[in-house]
Amino acid sequence: MSSAETAAVVRVEGLHKRYQGDGPEAVAGIDFDVLPGEIFGLLGPNGAGKTTTIGTITTRVRPTSGRVLVDGVDVSVDPVSAKLRIAAVPQLSNLDRSLTALENLTFHASYFGTGRRERRERARELLVRFGLGGRENDHVNNYSGGMAQRLMIARALMHEPRLLILDEPTTGLDPQSRLFLWDTMVDLRERGTTLILTTHDMIEADRLCDRIAIIDGGKIIALDTPRRLRKLLPAEHGIEVTVAAPADPSELFAGLSDADRTEARPAGEGRWRVRCYGEDGGQTGGLPAEALAAAQRAGLELIELKRLEGSLEDVFVHLTGRELRGADGARVSSRWSG
Amino acid sequence: MNAIGAAGASSSGLRGTRTVQLRAFFALCGRDLWVTVRHEFGSFLAQALLQPIFLLFVFGRVLPEIGAARPGYGTQLLPGVMALTLVLTALQNTALPLVIEFSFTKEIEDRLLAPLPVSAVAVQKILIAAMRGVLAGLLILPLAALILPGGVHVSGPDWPALIGIFAFGSLAAGAMGLVLGTAVPPNRISVAFAVVLTPLIFTGCTFYPWISLAHLRWFQVFTLINPLTYVSEGLRGALTTLPHLAAGWIALGLAVALVGFGLLGTRLFTRRAID
């Protein structure tokens, strides 16, 4: 066992979760470590198993098999010790609506045994830091979505957790609140807090996460830094051609000598968008010239031709496919399968 | 941290865990008492006391005055109204918040992530609801003194019995609320309340002493299913000289209700809290 492994803040080993005895596996064998001071992203389509995985870490989901260690503590064996080390911010507000904002923070800290004076001081400090100074005596019913989100993060920090888990923290927030939360997360990392983040937002994941696990069908299908994940694309320099065509033109482009793989989808108004992935290397001619020639030969009107810069979204779609997902994460449509 | 260090930390953690858990338990109680006193006192009183005020007024004052009930009926009624208030307040104060917190506001999540076992969160809910029940039950005495025409006549109260019935009756009712609040899906809760509360209120020996049902044997037996019967009869025994169900049966009835509903409710609560 290497020292990096033993120091993991979270270690997930062979995790399986089946909610009903004969139902499908929501999590089908997941292993990963979250290292101290990193922002770890969990990315995946709806129903991929992200929330279940997070649930096992926060002690709210009991694993069917496998184990989860938080700071060396087995979550199933000693949930109380695990809970002392973690804080979770859910997607939707779960603030205590009977209390004011300040009381939300101070009572939360009291559950963790923080002294009276200390919790008042820390609460006031966090309220100011999260832009809620002056609104501390408001009832949280009167808080907007963005304010509630900030207050939940402030509350989570009241007991100084080693690990902060954020479930889609910026979904549905305005751009200002989103930027503020991004800065906050980076700031927290700098202060030594380890973060786990689930998100659908590729820009968010790309910008914040040190490492990202892409989950699909209850399994991790890729885990790396955003930069290295982008290299998982079949070619970093593919192209995208938009042409006016009466029918799927992908066969015309499939024969290009530099294209490893081609996929097409309708772009509306009788247009098709064709993506050709392959080694381009930037030589003269290459994919763009070949594609142009192919379109001309077939007499198709060229609308747009652009290079594909591998974005995290491309990686994500490449790895998880284009099908919409049902509630259980099963693919419900194969229209886009290439 | 190496493997040995981690093991050492968690075993010393286990030693300190009991203190941590107790502190969390009392802090949760502190939050609930604070909310009861500072934010919800008016609504708590209205919810708990409006019904008994009207019961005492109509059955204890109006009916005797118009000759529809015997003049002493109010005094006979008092233990029943107290029991009803105690039980309903404790039951509703567990069941209603649980339904709301689990299904709508998700407020329960902050408690479930507090450093104490999930079952302790359930027990804490019962305890606070029971305390609210006891408070509401006690407030019936001054209210009855004001409302009933002859005031309150308590003949030599049996204090240990009174305290015992208040404590165990309210805890059992809180446990019933825990079962109701966790077993019923949120979209059925209004139906469930009507279906559970109405028979509970009318078969709990609140408006009639159990002994007087001797001529209606099947109904007398039926009332024994209702935990409220034991609270009503217990208070009747503790506060009046009227004949009542034997003390042993009362103790047994309350114990069965508390243990049965307590275990079932905690189990259901844990199932709701942890998938």
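Chain B of this predicted model contains 10 helices and 0 strands. Followed along the sequence, its pattern reads α-α-α-α-α-α-α-α-α-α. The C-alpha atoms of chain B occupy a box of roughly 85 × 40 × 40 Å along the principal axes.

The packing of chain B can be described through its contacts and its burial. Of the contacts that link residues at least 6 apart in sequence, 79% bring together residues at least 24 apart. Of the 275 residues in chain B, 51% are buried. The surface that chain B exposes amounts to about 12,400 Å², with 72% of this area supplied by carbon and sulfur atoms. As for charge, chain B carries 17 positive and 10 negative side chains; the centres of these two sets are 5 Å apart.

The remaining topic is the interface with chain A. The size of an interface is often given as the accessible area lost when the parts come together. Between chain B and chain A, about 2,900 Å² is buried, and carbon and sulfur atoms account for 55% of that area. Within the area that chain B buries against chain A, 22% comes from Asp110(B), Leu113(B) and Asp275(B), a share that exceeds that of any other three residues. The contact itself draws on 33 residues from chain B and 33 residues from chain A.

Polar pairing also links the chains, with 2 salt bridges counted between chain B and chain A. In one salt bridge, Asp110(B) pairs with Arg155(A), and their closest N and O atoms lie 3.9 Å apart. Asp110(B) thus appears both in this salt bridge and among the three residues that supply 22% of the area chain B buries against chain A.

Methods
Residues are numbered from 1 along each chain as its sequence is written. Chains are lettered from A and ligands numbered from 1 in the order in which they are written. This is a predicted model: local features need pLDDT of at least 70, side-chain atom pairs count only at pLDDT 80 or more; totals for chains, interfaces and linings use all residues. Side-chain values use heavy atoms; hydrogens and water are left out. Helices (H or I, at least four residues) and strands (E, at least two) are DSSP runs, numbered from the N terminus. Buried means under 20% relative accessible area, exposed over 50%, partly exposed in between (1.4 Å probe, protein chains only). Contact means heavy atoms within 4.5 Å. Accessible areas come from the Shrake-Rupley method with a 1.4 Å probe; for residues, only the protein chains shown count as cover. Lys and Arg count as positive and Asp and Glu as negative; His and the chain ends are not counted. The place of a charge is taken as NZ of Lys, CZ of Arg, CG of Asp or CD of Glu. Buried area is the accessible area (1.4 Å probe) that two parts lose on being put together, summed over both. A salt bridge is a side-chain nitrogen of Lys or Arg within 4 Å of a carboxyl oxygen of Asp or Glu.
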